[in-house]
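Me: Please show me the structure, and then let us work through a helix and some charged pairs together.

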Amino acid sequence: MALCIDIERKLEDFAIELHIDTDCRRIGILGASGSGKSMTLKMIAGIERPARGIIQADGQVLFDSSKGVNLRPQKRSVGYLFQNYALFPAMTVEQNIGAGLRGKKEDMRKRTGEMIERFGLTGLEKRFPGELSGGQQQRTALARIMAYEPKVILLDEPYAALDMFLRDRLQQELLDMLKGYEGTVILVSHNRDEIYRFSEYLLVMERGKIKASGKSSDIFAKPGNITAARLTGCKNISKVRVLDRHHMEAVDFGLMLHTQREIPAGTEAIGFRAHEFVPVWGRRQENCLKVQIESLAELPFEKQYYLRAENGGGQEKREPVCWFVQKDRWRELEEKGIPDYLKFKEEAILFLDSMMSGL
């Protein structure tokens, strides 16, 4: 078993209760700021202690409250890549990489040299962290971790402080550097694109609880609850009033929807991604929203329309419905004009439960 965690810890505002059991070795934890992601990594690393439970990685018990086991961080074979990389500012690149090694000096020197070559740091050995670019700092920090071959690597939002261009480039560099690593890597982030690009197994966290877990592509395709839908980028979410097995009122969209599929028991809301609408010109069809534009944001490769929901009998003002049109569809709009309606494709409707999200 790559990772088995069953722990609890009380925080100031909420309690962390985690239950994770997976053989996957590329794990993503997605959650908003303050959801408990970084605390989870700190408990795995041994920096923080759970109130109770067990943490086991690659067959090794790192923590077990019932048996009094709580390995020190140095004994856990866990590498932790912090947001700011935590390099020693007064040490050179080669000194930073060798800082965690133990043994004969010749063996340590040889291992440091191997890491310098492997991570593309040749020629930078004598430089200090302040003389390195962001990418060079990341490679140095990862080389320091990989030098002692940990069983688990923890990545705590390593791109959070970087601009978009550098973030994209370093994401790919990191993926390339980890290709030959057979241990478990856990990446925590609030950025859905980073998580999707990196992880094969995904955990969605909110206020210390796992709201969804499973294969990353499956969670993005069918998030199952409001929290997971929002965090995976779904812009349009509405409470629903289910009328029968095939009809429901989307309260926040102000319209009735009919589905060929049976509406699952327990459905409290639906989600619809902003790119999935089908434009309709002319007569209204089933499952259509009248296009009433409130505002438009024009981006280099996408136009983001914000539409009024249907009037709904004088109820209070609703959140706008988002319709995002990518550049390859702009010509159609230029030729035919703004559509009269947008159709909800049935296969793109996400059935959701609330999972106590506060909707």
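Reply: Helices (H or I, at least four residues) and strands (E, at least two) are DSSP runs, numbered from the N terminus. This is a predicted model, in which local features need pLDDT of at least 70 and side-chain atom pairs count only at pLDDT 80 or more, while totals for chains, interfaces and linings use all residues. Residues are numbered from 1 along each chain as its sequence is written, and side-chain values use heavy atoms, with hydrogens and water left out.

Me: Which residue forms a salt bridge with Arg109?

Reply: A salt bridge here is a side-chain nitrogen of Lys or Arg within 4 Å of a carboxyl oxygen of Asp or Glu. The partner stands three residues from Arg109 in helix α3, so about one helical turn separates the two. Their closest N and O atoms are 2.7 Å apart, and the partner is Glu106.

Me: Is Arg109 buried or exposed?

Reply: Buried means under 20% relative accessible area, exposed over 50%, and partly exposed in between (1.4 Å probe, protein chains only). Arg109 has a relative accessible area of 52%, and therefore counts as exposed.

Me: Which parts of the chain does the salt bridge between Arg245 and Glu262 tie together, and how many residues apart are they?

Reply: The side chains of Arg245 and Glu262 meet at 3.6 Å, N to O. Arg245 lies in the loop between β12 (236-244) and β13 (247-250), whereas Glu262 lies in the loop between β14 (255-258) and β15 (269-272), so the pair ties together parts whose separation in sequence is 17 residues.
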